[in-house]
Amino acid sequence: MTNYIYLAVVFPLIGFLINGLFGSKIKKEKIIGWIGSGVVGISFLISFISFLEVSSLPETQRKIIVPLFKWLAVEGIDVSFSYLVDPLSLVMALVVTGVGFLIHVYSIGYMHGDKGFWRFFAYLNLFIFMMMNLVLADNFVLMFLGWEGVGLCSYLLIGFWYDRKFENSTTADAAKKAFIVNRIGDFGFLLGMFLIYKTFGSLNFTEVFTMASKTPVAEITITMITLFLFIGATGKSAQIPLYVWLPDAMAGPTPVSALIHAATMVTAGVYMVSRSSVLFVQSEITMTIIAVIGALTAIFAASMGLVQNDIKKVLAYSTISQLGYMFLATGVGAFTAAIFHLMTHAFFKALLFLGAGSVIHAMHEEQNIKNMGGLKKHLPITYKTFLVASLAIAGIPPLSGFFSKDEILWETFATGHTFLYLIGLVTALMTAFYVFRLFNLTFEGNPRYPSHIHPHESPQVMTVPLIILAVLSAIGGFVGMPAVFVGENGNLFANWLKPVYEPAETFILHINIHSHSTEILLMVLSVAVGVTGILLARHFYLQNIKPIEWLITRFKKLYNLLFNKYYVDEIYDFLIVTPLVKVSEKFLWKINDTMIIDGFVNATAEMIGETAKLIRKIQTGIAQFYALIMIFGITLIIFLLLL
């Protein structure tokens, strides 16, 4: 089945074409929904069978190229449309199709009755198709095709309800913001690709990475390549300074938020950096920048999540923060830990978003957690599954988030990045606090919603995916148990990815002077931090809110700063958007467009018109006159030839 991995890509495309072309004619939601979900389910099965086949091979043979056709073959460049099946691409394919399938099934219930039901599933299928191209590509060009494709799909899905209000604008504006911000990052990715081709003469992963690992590259060149690639990653994976589009991505339907935040688009940057690990580890400058940006993004986004009241907005900042953890891991050379957290995060973050969707569904589109409370008795399944996800992201053992986050913190400390470790630890405290603030205000305490609202549990088509994701969030971390528990070779996840990261690890000098007792001590510390965050949130939001009210009053400016997201949007608007608009109005439109371009086009048309008027005067309709002109012309030509 591995040689047919392209079918895992093609099936979502088939779903897109069926629902996109015939969805409006089919009309029956169940048929549309199960076509859309079924094709992704088949992709998951193909990926899973491929995973079983590859895992049965010797470690050195777990890399298979599946060529389809020659794509670009011009002088100097040779790019094939080929897929790379190896441990890393299989992990990503399983996450994308597995979590994506559950989100599709959930959407059948969530989008019930929507007039664009068929269009929604068509877009979702297209999203999966593009993402599968991205993660299975065997070269940078095909990866970029998927990269741009998910950008287009995010625009379509975030703006799905394009005529609805969103904050101070519309969902269409939120979609445009995501699209434009990502283009900035994409420009960096393109520059990185150009420099890779100029340096290595190829854009094929195997060729580039082999040459990079055998032939030393000038430090300035490899630093420029990796920095450009990282700029692309900051856009797609919402890191400082290009994170501003992700909170607005919640403007789309909640399943879209789950898909973008958990399983697809935002993971692209982490995947790209991890895939190119052998390039990144050769630039100490870039690795340091990635680690610092990751740590700062983690704590910066977590601080904003502390005070937000929109249930989806809290989760959005949580996503940015968790992605920061992943980049912190890649920056310190712990690529396995980054992908491990990517996987567990996909489980519990998809569960949190889908749980939020269940709450919004029950509350008749209410999203402000201050207007909720006491929902646990009305939504028992949503409540229990949401609790599992909250404990997982808070890092409580033995749930999945504990193992993956703890591995990142341990690797950061063990590699000597003590200050970044402390930032990660403080972020863990803030994470536990804001997620249980959200949990308590939503499910615990007394109801604060109007009496005419009667919340009820979501239908099975929505709750079954929640239960499956809760199980994965609970047990998914056991595949990556640290050496302190299972011995040096007992970490299944690290063993699985070992062939991928061996070339990069030859460039990393890991001198671990810390013992397992130190690791256990830090583990206890991170759990204590998580428990402290949970207890503080429970105390303040269920028992005694007065200290929080006093803090808000006492530090009103700081609270407003956090609530208004450090006014970063306003700063970008002041420094970049408004000047660009004014330059466009004063120069680009009035001078460049109106005077230069329009003037040139209009002048050309006028010149042709005047010329036509002159020529029209000799078009008399008298045959004798035409014969005279012809004779004159022939005479003139003969005369010129005789000269």
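# A walk through the model

Start in the middle. The largest nonpolar core has 206 residues, and Trp245 and Leu279 are the ones with the most contacts inside it. The helix that gives the most to this core is H15, with 19 residues. Keep in mind as you click around that this is a predicted model.

**Stop 1: Leu279.** Select leucine 279 and show what surrounds it. Leaving out residues up to four places away in sequence, leucine 279 touches Phe140, Ile196, Phe200, Val208, Phe209, Ala212, Ile222, Ile225, Thr226 and Leu229. Hold on to Phe209 from that list; it comes back at a later stop.

**Stop 2: H15 and Leu352.** Now colour helix H15, residues 335-362, and pick out leucine 352 within it. Buried or exposed? Leucine 352 has a relative accessible area of 0%, so it is buried. Show its contacts, skipping the neighbours within four places in sequence: you should find Leu315, Phe386, Ala389, Ser390 and Ile393 around leucine 352. Then draw a distance to alanine 262. These two residues are 90 apart along the chain, yet their C-alpha atoms are separated by 9.6 Å.

**Stop 3: Ser154.** Jump to helix H5, residues 140-158, where serine 154 has its place. Serine 154 counts as buried because its relative accessibility is 1%, and the cut-off for buried is under 20%. Beyond residues up to four places away in sequence, serine 154 touches Phe127, Gly159, Ile260 and Met265.

**Stop 4: the aromatics.** Select every Phe, Tyr and Trp. The structure holds 38 aromatic pairs. Take phenylalanine 160 and tryptophan 161 to begin with: this pair is tilted, with 6.3 Å centre to centre and 55 degrees between the planes. Phenylalanine 160 and tryptophan 161 are both buried. Widen the selection and you get one aromatic cluster made up of Phe117, Phe120, Phe121, Tyr123, Phe160 and Trp161. While you are there, add arginine 164. Its charged end sits over the ring of tryptophan 161, 3.8 Å from the ring's centre. For another arginine over a ring, go to arginine 554, whose charged end sits over phenylalanine 555, 5.3 Å from the centre of that ring.

Now back to Phe209. Phenylalanine 205 and phenylalanine 209 make a stacked pair, 5.5 Å centre to centre with 5 degrees between the planes. How far apart are they in helix H7? Phenylalanine 205 and phenylalanine 209 are 4 residues apart in H7 (residues 205-214), so about one helical turn separates them. Phenylalanine 205 is buried, and phenylalanine 209 is too.

**Stop 5: helix H18.** Select residues 418-443. That is H18, a helix of 26 residues that reaches 37 Å from first C-alpha to last, close to the 38 Å expected at 1.5 Å a residue. Switch on the surface and H18 turns out to be mostly covered, with 21 of its 26 residues buried. After H18 comes glycine 445, with a positive phi near 70 degrees.

**Stop 6: the hairpin.** For a change from helices, select strand E1 (residues 64-74) and strand E2 (residues 77-85). E1 and E2 pair in the antiparallel sense, over 9 bridges. Look for lysine 70, which stands opposite serine 80 in E2. Between the two strands of this hairpin there are 2 residues, and glycine 76 takes a positive phi near 95 degrees.

**Stop 7: two partly exposed residues.** Pick isoleucine 240, in the loop between helix H8 (219-236) and helix H9 (245-248). Isoleucine 240 counts as partly exposed because its relative accessibility is 23%. Setting aside neighbours within four places in sequence, isoleucine 240 is in contact with Thr234, Ile293, Leu296, Thr297 and Phe300. Draw a line from isoleucine 240 to lysine 376: 136 residues apart in sequence, 36 Å apart in space, C-alpha to C-alpha.

Finish in helix H21, residues 492-505, at proline 499. With a relative accessible area of 22%, proline 499 is partly exposed. From proline 499 to valine 96 it is 403 residues in sequence and 22 Å in space, C-alpha to C-alpha.

Definitions and conventions:
Residues numbered from 1 in each chain as written. Predicted model: local features only at pLDDT ≥ 70, side-chain atom pairs only at ≥ 80, totals over all residues. Heavy atoms only, no water. Expected span 1.5 Å × (residues − 1). Buried < 20%, exposed > 50% of the residue type's maximum accessible area, 1.4 Å probe, protein only. Phe/Tyr/Trp six-rings, centres within 6.5 Å; stacked < 30°, edge-to-face > 60°. Lys NZ or Arg CZ within 6 Å of the ring centre and 35° of its normal. Contact = heavy atoms within 4.5 Å. Core = buried A, V, L, I, M, F, W, Y, C linked by side-chain atoms within 4.5 Å. Pairing = 2+ DSSP bridges.
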